[in-house]
Amino acid sequence: MQRRRYFTLDEANALVPELQARLMGLLQVVGHLKRLRDRIEAAGFPIAPAGLENQLDEAPPHVRRPLAHFRGLYETMGDELRALEGMGVQVKDVESGLVDFSTLRDGKEEALLCWRIGETRIAFWHDLESGFRGRRPVVGEIFAAQRQERHAKP
């Protein structure tokens, strides 16, 4: 398991252009997957992503090519999601393009910077429990990548 990465607001905002491009690509893959799924299921062959390997061997000849294409796109989507995770971000919802960045509000409290595809910068944050509905503006807040210890004044 990889160690959680904490972001400052500037560090997270620096990733927004790359995230925008990657998520736009992922949305295209998801669209292709849905169309292929509909085509395959209309041919009378329901898809279970967990068993794609076995399904390909069992599929009738007219379904094998679209099912193989589906499997390849499904693997591509997984690879891209793992790459994003490797950057330290949490993709919460591909279709709405929702991404969270772990941070330390005021250098102490764990929180999440919240960004959604189409937003030019990160403008909101939320605590760990409230999620998207609990988003609050980042203005006036301090977000750190390392814990800040308070030292008693002499």
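These are my notebook entries on a predicted model of one protein chain.

**Entry 1: overall layout**

I began with the fold as a whole. The protein chain has 3 helices and 6 strands. Read from the N terminus, the order is α-α-α-β-β-β-β-β-β, so I expected to spend my time on helices early in the numbering and on strands later.

Next I looked up the overall dimensions. Along the principal axes, the C-alpha atoms fill a box of roughly 80 × 30 × 25 Å. The radius of gyration is 20 Å, whereas a compact globule of 154 residues would have one near 15 Å. Of the 154 residues, 38% are buried. I also checked how far along the sequence the contacts reach. Among contacts with a separation of 6 or more, 51% join residues 24 or more positions apart.

**Entry 2: helix H1**

Helix H1 takes in residues 9–42, which is 34 residues. How far apart are its end C-alpha atoms? I found 47 Å, and this agrees with the 50 Å expected at 1.5 Å a residue.

I then followed the axis and found a kink of about 40° at Val16, shortly before the proline Pro17. Val16 is itself one of the buried residues of H1. Others on that list include Ala12, Leu15, Leu19, Leu23, Val30, Gly31 and Ile40. What do the buried residues of H1 pack against? My list reads H3, strand S1 (89–93), strand S2 (98–105) and strand S3 (109–116).

After H1 comes Gly44, and I noted its positive phi, near 85°.

**Entry 3: Phe7 and Leu9, at the start of the chain**

Phe7 sits in the segment before H1. Is Phe7 buried or exposed? Its relative accessibility is 0%, so Phe7 counts as buried, the cut-off being under 20%. Its contacts, leaving out residues up to four places away in sequence, include Ala12 and Leu15, both of which are buried residues of H1. Phe7 also touches Met87, Gly88, Val89, Phe101, Ser102 and Thr103, among others. Further along the chain, Phe143, Ala144 and Ala145 are on its list too. For Ala144 I looked up the C-alpha separation from Phe7: 6.4 Å in space, with their positions 137 residues apart in sequence.

Leu9 is in helix H1. At 21% relative accessible area, Leu9 is partly exposed. Beyond its neighbours up to four places away, Leu9 touches Leu113, Ile122, Val138 and Phe143. Leu113 and Phe143 are also among the contacts of Phe7. I checked one more pair here: the C-alpha atoms of Leu9 and Thr103 are 8.2 Å apart, although 94 residues separate them along the chain.

**Entry 4: an aromatic pair in H3**

I counted 3 aromatic pairs. One of them is Phe70 with Tyr74, which is stacked, with 6.1 Å centre to centre and 15° between the planes. Where do these two residues lie? Both are in helix H3 (residues 61–86), 4 residues apart, about one turn of the helix. Their surroundings read differently in my notes: Phe70 is buried at 5% relative accessibility, whereas Tyr74 is partly exposed at 32%.

**Entry 5: Asp106 and its phi**

Asp106 lies in the loop between S2 and S3. I stopped here for the backbone angle. Most residues other than glycine have a negative phi. Asp106 is not a glycine, yet its phi is positive, about 55°. Its relative accessibility is 36%, so I put Asp106 down as partly exposed.

**Entry 6: Asp127 and Arg135**

Asp127 is in strand S4. Which backbone nitrogen does its side chain reach at 2.7 Å? That of Ser130. The same side chain of Asp127 also reaches the backbone nitrogen of Glu129, at 3.0 Å. Apart from neighbours within four places in sequence, Asp127 is in contact with Glu109 and Arg136.

Arg135 belongs to the loop between strand S4 (124–127) and strand S5 (136–137). At 18% relative accessibility it counts as buried, because the limit is under 20%. Its side chain makes a polar contact with the side chain of Glu119, at 3.2 Å. Besides Glu119, Arg135 touches Cys114, Phe124, Trp125 and His126, again not counting residues up to four places away.

Definitions and conventions:
Residues numbered from 1 in each chain as written. Predicted model: local features only at pLDDT ≥ 70, side-chain atom pairs only at ≥ 80, totals over all residues. Heavy atoms only, no water. Phe/Tyr/Trp six-rings, centres within 6.5 Å; stacked < 30°, edge-to-face > 60°. Buried < 20%, exposed > 50% of the residue type's maximum accessible area, 1.4 Å probe, protein only. Expected span 1.5 Å × (residues − 1). Bend = angle between axes of the 7 residues up to and from the residue. Contact = heavy atoms within 4.5 Å. Polar contact = N/O pair within 3.5 Å; in protein donor to acceptor, adjacent residues only side chain to side chain. Rg over C-alpha atoms; globule rule 2.2 N^0.38 Å.
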